[in-house]
Amino acid sequence: MKAYIITIGDEILLGNTLNTNAAYIGNQLFEVNVPVIKTSVVGDDNDAILNELKLASETVDLILITGGLGPTHDDVTRKSIVDFFSTELIENKEVLEDITKLFEKRKRQVTNVNKDQALVPKIAGVIRNQLGTAPGLWIENEQKIYVVMPGVPYEMEAMMEFTIIPKLKDIIGEGQKFLKKKMLMTTGIPESTLYERLGNIDELLQDAKLAFLPNLFGVKLRLSVEGEDEKELQNKLLEVEQRIRAKAGRFIYGIGEDPLEAVVGRLLLERELKIATAESCTGGLLGNMLTNISGSSKYFERGVICYSNAAKVEILKVNEDTLAEHGAVSMEVAMQMAEGVKSTSGSDIGLSTTGIMGPTGANPSKPVGLVYIGYCDEKVCTAKKFNFGDDRLMNKQRTAQAAMDFVRRQLLGISLDD
């Protein structure tokens, strides 16, 4: 079975909305070993949709469509389905009941426009939508499957998880090869450097596959193996992972989609440590990341934003002579900031950031992207210099990520040199 994903909507074509639906669907299909041959974006135009449906039906045996099922005039997907299959719309009582109950729950009156969404193509089976008004559609025709879903991400995701993927698993049935994957999360190393560090890829992987997936914060390494023996595949994944860790283990902070701040939070909890942050250039991002994790109150004591030199002196007790001699963006000030927030908060760890995010504020000796991250605990007070890029917002995010990794490495006793 091979798949073709069609995303419908002028807002996607115009760049007003990111096409996250196709990414989600592709990932879910990967999990059940259904390869996606192509993904396309089509505007809210009946002829364009019909042309894309014709192309898809000639290419694959599974076509998944999202978008254009809403109640307004520019939502034309349902009409396109009717035209493509030369069918008609009929009222589905279950869908009408779902819509009525949803509006009663929201204490709103059901309008005729909303009632029209209970009209579905006669050829289609209905995928119930418990989160919205537009039902999904399941059509089997000439040994091909057509799945039509709303464009609202959480509605589409619920249909994929609870209806579509289970139905596909049943259809695929026995004899389908197993596909096992594992995602290794890395940070602090560029893609090209990581690739070189891993050495001979063929020897490393043998019959496994490896995809490098870079992003702003690091590189995801997606390992996958395919075969008929599930236990054997798990062992193969483990062997490949161990070979990768032997070469680049210090940069791997987690498995799966766990964010770095969650990993740091667990390390702090396990060691019964509390952390406090003193931020200048990141403006509260460290505190934001830490508190994104439920239960962070058990290890995050406080966060202080000391943007001005006066705040650094008053709140963190940074030495005025140090500021005058070295400047706010310096190794010395970063260490004093970390030491100051640790002392004033009574925490076990103090973490600080100071840097030049740009585009202004730089000079020949201190360019845009220069950052110092400070760290202080009961045994050590240190800081590290970083050089990021020219984009202000990206510099803030990279600094916050680097600071989290700084803490991770310190807690695990991993060298900061690489």
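How many cavities of 30 Å³ or more does the structure hold? In this predicted model, there are two such cavities. Their linings are described below, after an outline of the chain and before an account of the nonpolar core.

The protein chain comprises 418 residues, of which 47% count as buried. It contains 16 helices and 17 strands. Taken along the principal axes, the box filled by the C-alpha atoms is roughly 80 × 55 × 40 Å. The accessible surface amounts to about 20,900 Å², and carbon and sulfur atoms account for 48% of that area. When contacts between residues at least 6 apart in sequence are considered, 66% of them join residues at least 24 apart.

The largest cavity encloses about 40 Å³ of space. Its lining is formed by V95, D98, I99, V126, R128, N129, G132, T133 and P135. Helix α5, which spans residues 93-105, gives the most to this lining, with three residues. Sorted by class, the lining of the largest cavity consists of four nonpolar, three polar and two charged residues.

The second largest cavity holds about 30 Å³ of space. The residues that line it are I6, I8, I49, L53, I65, T77 and I81. At least two lining residues are supplied by each of β1 (3-8), α3 (46-57) and α4 (77-85). In this second lining, six residues are nonpolar, one is polar and none is charged. Two of the lining residues, T77 and I81, are also among the buried residues of α4, a group that further includes S80, V82 and F85. Helix α4 is followed by S86, which has a positive phi near 50°.

In soluble globular proteins, nonpolar side chains tend to be buried together. The largest nonpolar core of the present model has 32 residues, and those touching the most other members are L268, I275, L351, I373, M404, V407 and L411. Two or more residues of this core come from each of the helices α11 (260-270), α12 (285-291) and α16 (392-412), and from each of the strands β9 (178-186), β15 (349-355) and β16 (370-376). The largest share, seven residues, is that of α16. For L351, contacts beyond the neighbours within four places in sequence are made with I275, A276, T277, A278, L286, A338, V341, I373, G374, A403 and V407. Three of these partners, I275, I373 and V407, are themselves named among the core members with the most such neighbours.

Helix α16 also contains Q401. This residue has a relative accessible area of 6% and is therefore buried, the cut-off being under 20%. Apart from its neighbours within four places in sequence, Q401 is in contact with T187, F217, Y253, L260 and M289.

A further buried position is found in strand β11 (residues 218-227), where L223 is placed. L223 counts as buried because its relative accessibility is 0%. Its contacts, leaving aside the neighbours within four places in sequence, include the lysines K180, K181, K182 and K209. The leucines L184, L205, L210 and L237 are likewise in contact with L223, as are V240, E241 and I244. Although L223 and K209 are 14 residues apart along the chain, their C-alpha atoms are separated by 5.7 Å.

Terms used. Residues numbered from 1 in each chain as written. Predicted model: local features only at pLDDT ≥ 70, side-chain atom pairs only at ≥ 80, totals over all residues. Heavy atoms only, no water. Core = buried A, V, L, I, M, F, W, Y, C linked by side-chain atoms within 4.5 Å. Buried < 20%, exposed > 50% of the residue type's maximum accessible area, 1.4 Å probe, protein only. Helix = DSSP H or I, 4+ residues; strand = E, 2+ residues; numbered from the N terminus. Contact = heavy atoms within 4.5 Å. 1 Å grid on protein atoms, 1.4 Å probe; cavity = no way out; pocket = protein on both sides within 12 Å on 5 of 7 lines; lining within 4 Å. Points joined across faces, edges and corners; volume = space filled by probe spheres on them. Nonpolar A, V, L, I, M, F, W, Y, C, P; charged D, E, K, R; others polar. Areas by Shrake-Rupley, 256 points an atom, 1.4 Å probe, with all protein chains shown as cover.
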